[in-house]
Amino acid sequence: TAKNAHESVVACAAFPIQTNNGEQLTLAVEIEKLARVAEEMQSEIVAAIGQQIASRHDVRAHEIKLVRAGSLPRTPSGKIQRHLCAPI
């Protein structure tokens, strides 16, 4: 859902984090050419992802963090290692 929410999204990982309100959904989202994407556009990307997740899954994302493409930890075969993404 997050990957299809905006054309700039390259890959993403969803994982739970513990907060004072219990377990919450967090996403680390790789963005193509993040360094060149203006803050306004970054806000637009985060909003689009949040809206899509809420409307399709009836879940509110606690945090959506944008990172540059290639930042998410991967296995040798290229699969994203979600359990290693929480510190990102």
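A residue counts as exposed when its relative accessible area is over 50% and as buried when that area is under 20%, with partly exposed in between. That scale will help with the views below, which all come from a predicted model.

**View 1. D58 sits in the loop that leads from α2 to β3.** The helix on one side of this loop, α2, covers residues 39-57, and the strand on the other side, β3, covers residues 61-68. D58 has a relative accessibility of 74%, so it counts as exposed. Have a look at the backbone here too: phi of D58 is near 55°, a positive value in a residue other than glycine. For comparison, most residues other than glycine have a negative phi.

**View 2. H6 is tucked into the loop between α1 and β1.** Here α1 spans residues 2-5, while β1 takes in residues 9-19. Is H6 buried or exposed? Its relative accessible area is 12%, which means that H6 is buried. Follow the side chain of H6 and you will find the backbone nitrogen of S8 at 3.1 Å. Setting aside residues up to four places away in sequence, H6 also touches M41, E44 and I45.

**View 3. Strands β1 and β2 form an antiparallel pair.** What links β1 to β2 along the chain? A hairpin does the job, passing through two residues. The two strands are joined by 10 bridges. Strand β2 runs over residues 22-31 and is mostly covered, with seven of its 10 residues buried.

**View 4. C12, a residue of strand β1, seen with its surroundings.** Across the strand pair, C12 stands opposite V29 in β2. Because its relative accessibility is 25%, C12 counts as partly exposed. Which residues is C12 in contact with, once neighbours within four places in sequence are left aside? They are A2, K3, A28, V29, L72 and I80. You may also like to locate I49, which lies 37 residues from C12 along the chain, with 11 Å separating the two C-alpha atoms. As you trace the strand, keep in mind that side chains in a regular strand alternate between the two faces of the sheet.

**View 5. Strand β2 also pairs with β3, in the parallel sense.** How many bridges connect β2 and β3? There are seven bridges between these strands. A handy pair to pick out is E30 with V67, its bridge partner in β3.

Note on methods
Residues numbered from 1 in each chain as written. Predicted model: local features only at pLDDT ≥ 70, side-chain atom pairs only at ≥ 80, totals over all residues. Heavy atoms only, no water. Buried < 20%, exposed > 50% of the residue type's maximum accessible area, 1.4 Å probe, protein only. Helix = DSSP H or I, 4+ residues; strand = E, 2+ residues; numbered from the N terminus. Pairing = 2+ DSSP bridges. Polar contact = N/O pair within 3.5 Å; in protein donor to acceptor, adjacent residues only side chain to side chain. Contact = heavy atoms within 4.5 Å.
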